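User: I have a structure to read and would like to know how such descriptions are justified. Could you take me through it slowly?

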Amino acid sequence: MVSLAELNPQQAEAVRHLGTPLLVLAGAGSGKTRVITHKIAWLVGACGLPARRILAVTFTNKAAREMRQRAAALCHGAQARGLTVCTFHALGLQILRHGAREAGLRPGFSILDTQDVLHLIRELIQGGDAVDTDSLRAAISAWKDAGVDPDRALREAEDEQAAHAARLYARYERQLRACNAVDFDDLIALPVRLLHEQPALLEHWQQRSGHLLVDEYQDTNAAQYTLMRLLVGVGHGLTVVGDDDQSVYAWRGARPENLRHLQRDFPGLKVIKLEQNYRSTGRILAAANGLIARNTHLFEKRLWSALGPGDPIRVLPCKSPEHEAERIVSDLLRLRLRYADDWGNYAVLYRSNHQSRPLEQALREHGIPCRVSGGTSFFSHSEVKDLLAYLRLLTNPEDDAAFLRVVNVPRRHIGPGTVERLAAYAGERGVPLLQACGEFGLRERLPADAHRRLTRFAEWVEEARHRAHAEPPQAVFRYLLAELDYEDWLRDTSTSPAQAERRIARVGELAAWIGRMAGDEQTEGKDLEAIIGHLALVDLLDRNEDERARDAVQLMTLHAAKGLEFPHVWIAGMEEEILPHHANREGTGLEEERRLAYVGITRAQRHLTLSYCTSRPRAGETVDCTPSRFLRELPAESIEWHEPGSPAAQARVRETGRAHLSNLRSLLQP
Ligand code: ATP
Ligand code: MG
């Protein structure tokens, strides 16, 4: 039997509440996620709801993985079989796979990532500048989020510029469908349309969602919200938890007001508030509360901690980002000497990815294991993208984007002129590029040499496709590398031997990853097609989280840290222009930045240190920086400024000296 003893009365009430939809609205660290995991176990263990009828949705793959593990442990293993815990996008993908035919897609459809999408848009506007492509992509994304199709976008266009964008949207959609591909927004938008238009599918998925649980609800956008409503239907199996003060994805269409809409759309909605914070010491909590009180509020919330005041929050002024990194590392070593705990208990957070470089370098210099989440995604490296494009082409011969990416990589002397004529021919015939290569009519359009090279390539792809059907994914990947002489190609095209080695190492990592995916129980299929399908959704580094990687200092953006907690936290770059970000210094933008700072502060359990630089390089010059206004907004009694030379700082210098020595010793020990 599932026990509710580990919950406070409000949490237990939230777990037991059935019969009407439920919203748990509460501040950071109050046990919202804990309510979700316990409720899953309660539904399975005490209510007898089969695990396969429970869908739990959260914001990142990492959070989903953690939630699945916790829920499974609470359910005692076997009962949790068939439970779905994933992101909205992964759920959308499942729905879309199931109804691919109805959505006008063929099996094995591809998912384009942001880079692919930009590439496609650039082709459509024939090499327009980067600003055009970015703003077009954003416009298309916003239309999809709002459920607006190209026809309606055109009808509602208010000026010629908007009409032009709408026409491009139409061409973009046609192109995607012709390639049998979808983009990220489609993973939500298409399932929404499917469920609207196909009663049988709607019934199937409503049956599946005996109970739907949503974590980090404040960050759902309009399309996700619609999907959620469709899944719940007239049933009442809905539990959502969220915190309007942690809404940090306005730029992706998330609106804290969504919390209000719930009350409007689900009249029987029960609201439970949680007020005890179990995560942070009193001073950390007071700082967080003091800061967020400056925002306007949709809901009033209170939050208290029984963990005692704890140590003061420290503010470290630094001269430069390098100096800042050094100070943080010294600090970190000092705490580690005192607590002798895991490296994984230490996290350094920042506003923007570029801030990670000096930090990572300083940690590595001191031999401290660290792990940078996010940043340059593994999948954005060209060699990884090229190889994945090959695999995509093998699973989906109609994937024109993949075809274009690899047709001349490695070099096959198939130039842009040839490709253009091929594309024109394929366009007229209405067939995919790969198929067009083999058609008789193409012969008249191309010089004999060019035609021969194309047919040779197409024949080779056909042969590789046969293998891909017959052999396991790892073997197919090895075959590809050998056939393409891929390592040699990397050596020939790299700017230095060191770069070549890095790229070859990444290919090795990709091979290892494919191997793990193919043998992983948790992925629903183990064939190449299933792997490719998941690829667009999963960050490799996320997947690569073995024990060793976990016992490392965590470096990540404030956005990526949402939902997580660490005993010791540093937030670097507490400066105007950085946090608040220079593009967001007024009005609602500023409030969003303040929420982001609130998210950062509330990740800390015992120690929190905030640092800023007095100068920093920008666009080739060194510029002076001003401490973030958020530092001034913290209650003065909770924080301690550590100017170099102050008595507190001198005492730390002595302690830090000891920490360095001890670290040196441990490095020297075998
Ligand atoms: P966030 O807003 O940051 O997502 P949250 O509200 O989801 O936070 P949790 O992560 O669920 O909070 O819980 C914060 C911490 O408090 C966790 O370590 C959790 O195990 C602990 N906790 C929550 N509720 C209780 C409880 N009733 N008793 C003891 N510990 C608890
Ligand atoms: Mg949470």
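Analyst: We will go through the ligand, the domains and the backbone in turn. This is a predicted model, in which local features need pLDDT of at least 70, side-chain atom pairs count only at pLDDT 80 or more, and totals for chains, interfaces and linings use all residues. Residues are numbered from 1 along each chain as its sequence is written, chains are lettered from A and ligands numbered from 1 in the order in which they are written, and side-chain values use heavy atoms, with hydrogens and water left out.

User: Which residues come nearest to ligand 1?

Analyst: A residue is near a molecule if one of its heavy atoms lies within 4 Å of it. There are 19 residues around ligand 1, and Lys32, Thr33, Arg34, Glu565 and Arg603 come nearest. Helix H2 (residues 32-45) gives the largest share of this shell, three residues, a helix being a DSSP run of H or I with at least four residues, numbered from the N terminus.

User: What makes the pair between Lys32 and ligand 1 a polar contact?

Analyst: A polar contact is a pair of N or O atoms within 3.5 Å. An N or O atom in the side chain of Lys32 is 2.7 Å from an oxygen atom of ligand 1, so this pair meets the cut-off. The side chain of Arg34 also has a polar atom 2.7 Å from an oxygen atom of the ligand, and for the side chain of Gln246 the distance from an N or O atom to a ligand oxygen is 2.8 Å. Ligand 1 has 630 Å² of accessible area on its own (Shrake-Rupley method, 1.4 Å probe), and the protein covers 84% of that area.

User: Why is ligand 1 said to lie between domain 1 and domain 3?

Analyst: Both domain 1 (9-95 + 189-274) and domain 3 (289-369 + 551-668) give residues to the shell, so ligand 1 lies between them. The domain bounds come from an automatic or database domain assignment.

User: How do you know that domain 1 and domain 3 are in contact?

Analyst: Contact means heavy atoms within 4.5 Å, and 27 residues of domain 1 are in contact with 20 residues of domain 3. The centres of these two domains, taken over C-alpha atoms, are 32 Å apart.

User: Where does the chain have cis peptide bonds?

Analyst: One joins Val409 and Pro410, with omega about -5 degrees, and Pro410 is in the loop between helix H17 (400-406) and helix H18 (416-429). Another joins Leu579 and Pro580, with omega about 5 degrees.

Key. A polar contact is a pair of N or O atoms within 3.5 Å; within protein, one must be able to donate a hydrogen and the other to accept it, and residues adjacent in sequence count only if both atoms are side-chain atoms. Helices (H or I, at least four residues) and strands (E, at least two) are DSSP runs, numbered from the N terminus.
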